Amino acid sequence: MKIYNHLLMTMGAALMLVSCGQQNQNSTGALSSSAAEKVYVAPGEQDEFYAFLSGGYSGNLTVYGLPSGRMFKEIPVFSQFPTSGYGYSEETKPMLNTSHGFVPWDDAHHPDISQTNGELDGRWIFINGNNTPRIARINLSTFETEEIIEVPNSAGNHSSSFITENTEYVVAGTRFSVPIPQRDMPINEYKSNFKGSLSFISVDPEHGHMDLKFQLLMPGFNYDLSHPGRGKSHGWFFFTTYNTEEAHTLQEVNASQNDKDFIAAVNWKKIEEYVNNGGGTKMPANYAHNLYDEGTHTATTTMNKEVLTVDPLKVPGAVYFLPTPKSPHGCDVDPTGQYIIGNGKLSADLTVHSFDKMIAAIEGEKFDGEAYGIPILKFEDVLAGQVKSGGLGPLHTEFDGNGNAYTTFFISSEVVKWKLGTWEVIDRKPTYYSVGHLMIPGGNSRKPFGKYVVAMNKITKDRYLPTGPEMEHSAQIYDISGDKMELIYDFPTHGEPHYAAGIPAEILAPKSQKIYRLDENEHPYAVKTPTDAKVVRDGNEVHIYMSTIRSHFTPDNIEGVKVGDKVYFHITNHEQDFDVPHGFAMIGQNTSELLVMPGQTKTSLWEPKQVGVWPFYCTDFCSALHQEMQGYVRVSPANSDVELKWSLGE
Amino acid sequence: MKKASLLMIIGPLFLLGLYVFPLWNIMLGAPQYPDPLGLNIHISGLQGTNEFDIQNIDGLNHYIGMQTLPKPEDMWEFGTFPIIIGIMVAIGVLIGFLGYLGKVSYKWFIGWFALMSTMGVLGMYDFNQWLVDYGTNLDPNAIMKLTNPDGTPMTYKPPLLGHVKMLNFDVTSMPASGGWLMFLGMTLTLTASFLGWKNTKKQ
């Protein structure tokens with residue numbers, strides 16, 4: 001192992017030397033800049049791009065700047081987030097409801113930014129929860145999660161959440177096939193009994209609201225990743241599959257036996273037409289749809305009881321299989337929509353299919369058999385070319401918009417740059433270590449911004465100061481503006497970023513919201529002026545209508561609360577000034593704090609168990625008098641008759 | 001005299017800008033306010049440069065015991081100034097017309113300018129009186145009672161014109177678009193007076 005490490009280090013050093021040498025060759029004297037200058041964003045300056053990195057098992061989405069690699073925010077999505085009270089406050093608890101009850105965590109994988117005409121429009125970003133299948137929509141002016149829809153008949157929601165080029169649909173495919181509908185049956189009867197669902201969730205063009213329009217019930221393979229067609233191939237969606245063997249145990253071996261699996265090409269426009277004309281079968285289901293209303297600052301859950309399913313055999317010409325070698329993982333479509341890249345993860349080569357050839361083969365009906373009635377096209381007929389890269393374990397490909405593609409190789413830990421059409425390898429650079437996804441802002445749209453590529457790695461080892469057995473993952477930024485890629489920065493990331501999405505700052509920054517308007521606050525427990533602050537008892541429930549402004553709570557003295565009460569603090573932040581949140585925390589509370597943004601109302605539940613006078617305080621250092629921003633609640637015995645009263649400054 | 005009279009007609013009309021644009025502006029910038037807070041002083045009342053600036057200025061000032069900024073109904077000036085400006089514009093234009101018709105001499109032009117200037121100075125004096133009261137008449141129970149190095153209580157009168165550093169704030173007070181329009185209009189009437197005088201001398 002030591003020798004191996006030495007070898008690696010020597011190789012690394014050698015590569016660095018090579019890269020230095022190349023840099024000097026390309027040098028244009030004083031105009032050439034060092035890596036440090038390229039990533040240095042001076043104090044007070046701002047980054048050129050936003051990068052949204054999925055948090056993986058953190059369940060959240062993190063926001064970074066490029067090229068600085070600075071983290072700006074963690075947006076809570078699928079996980080409870082005590083920092084803001086997301087998933088703890090009464091308003092946001094419904095966001096995490098599912099048909100399995102309250103699920104406070106998920107595994108967030110693939111963010112995708114909304115598009116118009118195949119270009120990033122920056123209205124929303126979508127991300128999938130892999131474990132308990134869900135799709136979330138995040139508003140990119142508030143950077144808050146607004147909607148989460150559960151995906152029924154799915155398991156391992158992995159070939160998700162990719163959007164079509166006008167954000168008509170956000171698409172979610174299942175990685176694990178399951179019995180549909182779910183039922184009690186022997187596991188070893190998987191083959192030909194389990195099904196894989198591909199869900200097309202429509203997105204309302206104005207509000208972004210999601211609705212599960214239809215579910216395509218496919219053979220029981222594993223649908224791994226997907227991407228939409230664009231430009232000429234708009235209207236199609238492509239999914240990689242593995243385990244076409246339909247193994248139900250030791251998939252590691254049993255799902256790796258076929259030389260080729262498939263890329264499933266789905267003509268969703270055709271299926272949409274079929275469904276719009278009354279096609280499909282309604283199936284009983286049970287799935288949660290959680291919607292956050294910015295006016296009431298409150299989320300509600302609706303349980304949907306039905307899903308429209310489509311048997312692909314009922315829609316002729318809607319689905320075809322493209323044979324693709326070696327358990328393909330990433331499924332990427334170039335900016336023109338012509339090339340569909342299957343990254344055969346157990347192979348050294350990349351397989352590139354041609355959309356034009358696929359259409360010609362379909363029209364010529366040149367089939368190579370079928371799988372469960374779905375026509376299989378001939379490999380040679382759809383193949384555009386193969387990239388013989390010399391790397392091992394290709395996973396994902398992104399594009400720079402200048403005719404080049406960049407593919408990550410997990411096993412050989414590198415990014416390889418190659419040319420679309422000629423399939424020649426132009427450059428390769430090591431990553432540290434075992435790279436998964438990579439991201440070029442807009443790199444999976446019609447208009448990439450090919451200046452930087454971010455490689456997100458699975459293994460960190462010695463990249464940073466050691467922090468015990470568990471470490472954050474590492475990411476590298478490469479400058480790709482020249483012929484050769486140049487490693488310019490290395491930074492730790494939070495959780496386990498899988499995919500990421502980037503967008504120029506000039507699209508998002510100007511519309512980032514500064515405050516919520518108090519005069520538009522429709523929360524039923526909001527107080528619009530401090531004089532409206534009050535305390536109301538309803539049985540054993542006590543509702544405290546409280547307002548905050550620098551630097552006091554109104555009211556700050558409350559008496560008449562009893563042991564056994566359920567006390568709801570409804571806190572409205574009366575600030576209308578940018579970046580002046582107030583926090584709220586009550587001693588002994590069995591929940592998290594609240595962080596209330598200007599103009600917002602949030603509610604925290606406290607169930608006092610002990611008699612006494614108990615303080616609460618503002619947790620956000622809001623002002624010079626922050627330390628004075630506090631109050632007391634007098635808790636009397638359950639049978640006492642202390643009068644309910646509240647005050648400020650008496 | 002016709003050219004002078006035309007200028008005398010046009011000049012006062014520039015004062016109508018005061019009904020739309022602010023007369024004066026005070027900006028308050030601080031390290032934590034990279035986008036400064038701003039106060040636009042209109043003849044009919046105070047407005048924030050941005051929607052919530054007044055609320056935010058009041059919020060900050062309560063720490064040092066300053067009064068909240070006055071609403072239009074709190075100060076007689078905001079009711080009276082629009083009327084005075086209206087009357088002055090009407091008189092100025094009338095004088096211009098009469099001059100055009102040869103009924104009055106350039107001396108009336110000078111008279112209007114002198115009256116307007118006097119009222120302007122009185123207005124500035126009144127405004128400064130308010131600034132003094134606003135900046136020095138502090139709540140005795142203020143949260144922060146700060147003193148100057150010599151031990152006297154610190155006051156917070158914003159400058160009438162120019163820049164002052166006040167605690168963490170840079171306060172800049174300048175005429176605003178309505179004010180500049182007024183100055184331009186008054187300059188035109190002064191020019192009208194001058195042209196009228198030159199004209200008379202020629203004859």
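Author: In this predicted model, a residue is buried if 20 or more other C-beta atoms lie within 10 Å of its own.

Reader: So which residues of α1(B) are buried?

Author: By that count, B:Ala4, B:Ser5, B:Leu7, B:Met8, B:Ile9, B:Gly11 and B:Pro12 are. What they pack against is α3 (76–100), α4 (106–136) and α5 (177–202) of chain B.

Reader: How do you know that the span of helix α1 of chain B agrees with its twelve residues?

Author: Take 1.5 Å times one less than the number of residues. For residues 2–13 that gives an expected 16 Å, and the end C-alpha atoms sit 17 Å apart, so the two agree.

Reader: Over to chain A. Why is A:Ala360 called partly exposed?

Author: Buried needs 20 or more neighbours and exposed needs 12 or fewer, with partly exposed in between. A:Ala360 has 14 C-beta neighbours inside 10 Å, so it counts as partly exposed. You'll find A:Ala360 in helix α5 (residues 355–363) of chain A. Its C-alpha atom is 37 Å from that of A:Lys429, which lies 69 residues away along the chain.

Reader: What makes chain A as compact as a globular protein of its length?

Author: Set its radius of gyration against the globule rule: chain A comes out at 27 Å and the rule gives 26 Å for 650 residues, which is close, so chain A is as compact as a globular protein of that length. Its C-alpha trace spans about 85 × 65 × 45 Å along the principal axes. Seven helices and 45 strands make up its list of elements, and 51% of its 650 residues count as buried.

Reader: What share of the contacts in chain A join residues at least 24 apart?

Author: That's 62%, among contacts between residues at least 6 apart in sequence.

Reader: And what makes a set of residues a nonpolar core?

Author: They have to be buried residues of the listed nonpolar types, joined through C-beta atoms within 7 Å. The largest such core has 117 residues, and A:Ala51, A:Val170 and A:Val453 are among those with the most contacts inside it. Strand β13 (residues 210–219) of chain A brings the largest share, six residues. A second, separate core has 40 residues, including B:Trp24 and B:Phe109.

Reader: Which residues does A:Val170 touch?

Author: Leaving out residues up to four places away in sequence, its partners include A:Phe126, A:Ile135, A:Ile201 and A:Met210.

Reader: Last one: how many residues does each chain bring to the contact?

Author: Six from chain A and six from chain B. On the chain A side, they divide into three nonpolar, one polar and two charged.

Conventions:
Residues are numbered from 1 along each chain as its sequence is written. Chains are lettered from A and ligands numbered from 1 in the order in which they are written. This is a predicted model: local features need pLDDT of at least 70, side-chain atom pairs count only at pLDDT 80 or more; totals for chains, interfaces and linings use all residues. Helices (H or I, at least four residues) and strands (E, at least two) are DSSP runs, numbered from the N terminus. The radius of gyration is taken over C-alpha atoms; the globule rule is 2.2 Å times the number of residues to the power 0.38. Two residues are in contact if their C-beta atoms, placed from the backbone, lie within 7 Å. Ala, Val, Leu, Ile, Met, Phe, Trp, Tyr, Cys and Pro count as nonpolar, Asp, Glu, Lys and Arg as charged, and the others, Gly among them, as polar.
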